[in-house]
Amino acid sequence: MRPIHSLRGFRDILPPESGLFSKIETTAREMFASYGYREIRIPTLELKELFVKSTGDTTDIVEKEMYAFEDQGKRMIAARPEGTPGVVRAYIENNLSQSGKNSKFYYIGSMFRAERPQAGRYREFTQIGVENLGNPSPFADAETITVLVRFLEKTGISGCSGSSHSSLHLGPQCGCSVEINSMGCAKCRSIYRENLLSYLKANSGDLCDSCKSRIDRNPLRALDCKTDGPVFAEKAPGISMCAECEEHFKKTGELLKISGIFFKLNPHLVRGIDYYTRTVFEVKSSALGSQDAIAGGGRYDDLVKSMGGPATPAVGWAMGLDRLVLAIKEVNPAADSPEVFVAAADKNSRIEAFRILTELRDYDIKADSSDFDASLKSQMRSADKSDARLAIIIGEEEVRSSTCIIKFLKEKLSQKTVVRNNLLSELKLILKPAVTDP
Ligand code: AMP
């Protein structure tokens with residue numbers, strides 16, 4: 001039979017890259033918990049209507065890129081293209097505004113967009129996102145941007161702030177920049193919409209067909225259109241804010257400075273989604289090519305109400321894990337390797353080798369083996385390939401004398417025989433991290 005291939009734009013994430021994904025996810029969970037965010041798990045499939053009404057029917061995401069289909073019950077379903085609409089639906093449906101607890105959530109999961117695949121752009125990709133619902137203050141804007149930057153720094157991304165919080169050292173440091181803008185409130189935006197529309201109409205000859213057909217319905221989309229955005233970004237008018245929005249934006253900037261975050265004001269940053277109000281932001285990495293946005297987000301003060309919930313100001317962001325991993329670039333293969341590789345030298349030592357392997361794992365030592373029935377030479381080849389530090393070799397002679405051999409794989413020709421009962425304590429001594437004198 002002809003082998004079956006994966007779908008275009010859908011990919012397998014294999015070790016050691018998959019190990020890096022997990023490590024970043026663990027870092028995210030730990031860091032978000034320390035900022036008071038709790039995990040929310042939302043469905044992959046929702047009614048299509050949810051995204052049409054929240055993300056917006058004139059956005060590229062909804063208009064062109066959504067995986068939507070009719071199910072057996074004749075309902076129009078969509079695979080989520082982003083996380084915020086599902087979180088907002090869950091917030092309303094589960095009456096979370098009444099829970100008495102902070103509505104600060106994070107999520108980690110696959111998103112789906114039928115975009116043209118290229119490096120850093122996939123049709124299924126993982127987003128890590130946070131949403132802070134119920135807090136109108138610029139402190140919330142500053143907190144969400146700070147947690148994003150601190151999180152990126154922890155994974156080895158630098159350049160976003162004056163602090164040095166990188167502790168994972170997952171890869172070489174690579175520069176990032178934070179851009180922010182304000183979309184103002186509904187009042188500011190309606191004036192901006194008119195100004196932008198007259199500007200775009202005056203220059204409509206340069207617009208792509210898609211923008212030409214939607215400028216009347218949503219002129220802002222021309223600024224984040226993949227074709228027109230770069231052409232118009234520099235020349236189009238920027239927003240002029242009302243006094244309250246101006247104050248909110250100013251305060252957010254001041255607080256970001258207190259967090260030590262470097263940011264650039266980008267008056268044309270509008271983001272490709274309809275629901276944003278006031279602060280919008282994006283983090284870009286110089287280590288990526290044309291798909292250089294690692295994360296983006298903003299405030300969406302009107303969305304919960306417009307979706308049928310109580311008036312609830314909110315702010316959040318989503319980060320593309322696949323792009324973060326690309327930006328970090330170098331995957332440390334040792335992170336996935338066993339510490340110890342167990343090999344059986346002959347037929348009569350296989351059971352004892354299996355017992356040792358099980359025992360090591362019970363004591364949380366990362367241990368592995370290949371096929372005990374294979375020749376010792378072949379098992380030792382696998383041991384070398386596994387990148388383990390040590391091999392435990394057990395043969396007929398060792399079984400008889402209740403001993404085993406510890407071989408130091410990184411130091412050629414070095415090995416020692418230890419009493420079987422002392423194996424665990426010997427290994428702990430060898431494997432324990434080196435303690436340096438203060
Ligand atoms: P957005 O929801 O469009 O604001 O995207 C937030 C982040 O998700 C972006 O900054 C990217 O890092 C990531 N992202 C968006 N679309 C894709 C895609 N097709 N493939 C990979 N990552 C993506």
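By a cavity I mean a set of grid points where a 1.4 Å probe fits but cannot get out, and I start there because rolling a probe the size of a water molecule over the atoms shows where empty space is left. What you have in front of you is a predicted model, and when the whole structure is searched, one cavity of 30 Å³ or more turns up. The volume of the largest cavity is about 30 Å³, and its lining is made by Asn-181, Ser-182, Met-183, Tyr-192, Ile-239, Pro-267 and Val-270.

Let me turn from the cavity to the open spaces. The largest pocket has a volume of about 1200 Å³, and 50 residues line it, with Asp-224, Arg-271, Glu-282, Ala-293 and Arg-323 lying nearest its centre. Several elements give two or more residues to that lining, among them helices H3 (60–63), H8 (221–224) and H9 (229–232), as well as strands E6 (124–133), E10 (277–285) and E11 (293–299). Which element gives the most to the lining of the largest pocket? That is strand E12, with five residues.

Strand E6 also contains a residue I would like to dwell on, namely Leu-133. Is Leu-133 buried or exposed? Its relative accessible area is 5%, and because buried means under 20%, Leu-133 counts as buried. If we leave aside the neighbours within four places in sequence, Leu-133 is in contact with Val-87, Tyr-91, Ser-103, Phe-105, Tyr-300, Val-304, Thr-312, Pro-313 and Ala-314. Arg-323, which I named a moment ago among the residues nearest the centre of the pocket, is 190 residues from Leu-133 along the chain, and the C-alpha atoms of the two are separated by 26 Å.

Now to the overall layout. The protein is divided into domain 1, which takes in residues 17–184 + 241–331, and domain 2, which takes in residues 340–431. Taken over C-alpha atoms, the centres of domain 1 and domain 2 are 47 Å apart. I will look at two helices in turn.

The first one I take is H10, residues 243–258, whose 16 residues at 1.5 Å a residue should span 22 Å, and the 23 Å between its end C-alpha atoms agrees with that. Its buried residues are Cys-245, His-248, Phe-249, Thr-252, Gly-253, Leu-255 and Leu-256. Because these residues cover an arc of only 165° around the axis, they sit on the same side of H10. The face turned away from that buried side carries the exposed residues Ala-243, Lys-257 and Ile-258. Just after H10, Gly-260 takes a positive phi of about 80°.

The other helix is H13, residues 350–362, where 13 residues at 1.5 Å a residue should span 18 Å, and the end C-alpha atoms are indeed 18 Å apart. Here the buried residues are Glu-352, Ala-353, Ile-356, Leu-357 and Leu-360. They cover an arc of only 140° around the axis, and therefore they lie on the same side of H13. Against what do these buried residues pack? Their partners are strands E13 (340–344), E14 (367–368) and E15 (390–394), together with helices H15 (396–401) and H16 (423–431). On the face of H13 turned away from its buried side we find the exposed residues Ile-351, Phe-354 and Asp-362, and after the helix comes Asp-364, whose phi is positive, near 60°.

Conventions. Residues are numbered from 1 along each chain as its sequence is written. This is a predicted model: local features need pLDDT of at least 70, side-chain atom pairs count only at pLDDT 80 or more; totals for chains, interfaces and linings use all residues. Side-chain values use heavy atoms; hydrogens and water are left out. Helices (H or I, at least four residues) and strands (E, at least two) are DSSP runs, numbered from the N terminus. The expected span of a helix is 1.5 Å times one less than its number of residues. Buried means under 20% relative accessible area, exposed over 50%, partly exposed in between (1.4 Å probe, protein chains only). The arc is that of the directions from the helix axis to the C-beta atoms. Domain bounds come from an automatic or database domain assignment. Contact means heavy atoms within 4.5 Å. On a 1 Å grid over the protein atoms alone, a cavity is a set of points where a 1.4 Å probe fits but cannot get out, and a pocket is an open set with protein on both sides within 12 Å along at least five of seven lines; lining residues have an atom within 4 Å of a point. Grid points are joined across faces, edges and corners, and a volume is the space filled by probe spheres set on the points.
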